[in-house]
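Here are a few short exercises to work through with the model open. Try each task yourself before you read its solution.

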Amino acid sequence: MSSSTRTRFQHLFARSALLTAGMFLASLGIAFTTVADIGTTPISTVPYTASAISGLTFGTCTILLNFFLVAGQILVLGRRWPVTNLIQLPVGCVFGFFIDLSMHLLSGVHPANWPLALLLSVFGNLVLALGVVMQIRSKTIVQPGEGFVIAVAARFKSSFGAMKIANDLTLAAVAAALGLCAVGHVIGIREGTLVSAVMIGLFAKWIDQLANRFVSSRSAEVEEPREVDLCARATPKEPAADASQSARQESGLEA
């Protein structure tokens, strides 16, 4: 094996490890926010509600949602959707497994009062934001949730940020409707959901800025992932070519 091939494999392994670690931290952040019991993250409202209604695990319902989101990308983009993005499916399955693992690890956590619950929720937002930034900086693949938002933004020639907000609101509305129809009340949507919608993006931006400073302080000879501007807008043509490229330019406000 040539040195250049060996180097490429090493870089691929490092990026895959960064992606995997980021996914686990993101799932752990979601679990912290969920066990705080003042509302889960916006993108998790549907699988959490479906889990409470069906008896399936939180992670299993997340995997099912990811399959629907990938199917949605195909419907929105049609022939413009890259077949290589099917790799989002196994990635989404691993993420669902991590969510169940994280919920198991935190099964004994029960905040005694509302201030502690709020603190736990905010801490979960911080951990989730760190995981999101790590996934973006791995320069590998986006999660199905981000991929769907990117696809819709491309189809309707809108910004990622605007579509992300619309997507989060839609998921929360669907989760609320499911809860009301199935059990007569809303499940998992409270003040913590709103806090997550605001804080995760802010935390991700701050973490990314700190990471950029660390990278810029390293030697120029050391190859590092390029800086990610968490405030950039996605251009409409990007998703059809490569969804992960657009996500690396976006805020990764997945939560």
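**Exercise 1.** Decide whether Ser196 is buried or exposed in this predicted model, and find what surrounds Ser196.

*Solution.* Start with the accessibility: Ser196 has a relative value of 1%. Buried means under 20%, so Ser196 counts as buried. Next, place Ser196 in the fold: Ser196 sits in helix α8, residues 191-217. Finally, skip the neighbours within four places in sequence, and you'll find Ser196 in contact with Thr33, Thr41, Pro42, Ser121 and Asn125.

**Exercise 2.** Work out which residues touch the most other members of the largest nonpolar core, and which helices supply it.

*Solution.* This core has 19 residues, and the best-connected ones are Met23, Ile30, Phe95, Ile99, Leu128 and Ala129. Now look at where the members come from: α1 (3-35), α4 (88-105), α5 (114-137) and α8 each give at least two residues. The largest share, 5 residues, belongs to α5. Zoom in on Ile30 and, leaving out residues up to four places away in sequence, you get touches with Thr40, Thr41, Ser44, Phe58, Phe95, Ile99 and Leu128. Another core, of 10 residues, lies apart from the largest one, with Ala31, Phe32, Ala36 and Leu120 among its members.

**Exercise 3.** Find which residues make the nonpolar surface patch of about 280 Å², and say how Ile53 is classed by accessibility.

*Solution.* The patch is made by Ile53, Val174, Leu178 and Val183. Helix α7 (residues 160-183) brings the largest share, 3 residues. Ile53, meanwhile, lies in helix α2, residues 45-54. With 35% relative accessibility, Ile53 counts as partly exposed.

Technical notes
Residues numbered from 1 in each chain as written. Predicted model: local features only at pLDDT ≥ 70, side-chain atom pairs only at ≥ 80, totals over all residues. Heavy atoms only, no water. Patch = residues over 30% accessible without salt bridge, like charges linked within 9 Å, V, L, I, M, F, W, Y side chains within 5 Å. Areas by Shrake-Rupley, 256 points an atom, 1.4 Å probe, with all protein chains shown as cover. Salt bridge = Lys/Arg side-chain N within 4 Å of Asp/Glu carboxyl O. Helix = DSSP H or I, 4+ residues; strand = E, 2+ residues; numbered from the N terminus. Buried < 20%, exposed > 50% of the residue type's maximum accessible area, 1.4 Å probe, protein only. Contact = heavy atoms within 4.5 Å. Core = buried A, V, L, I, M, F, W, Y, C linked by side-chain atoms within 4.5 Å.
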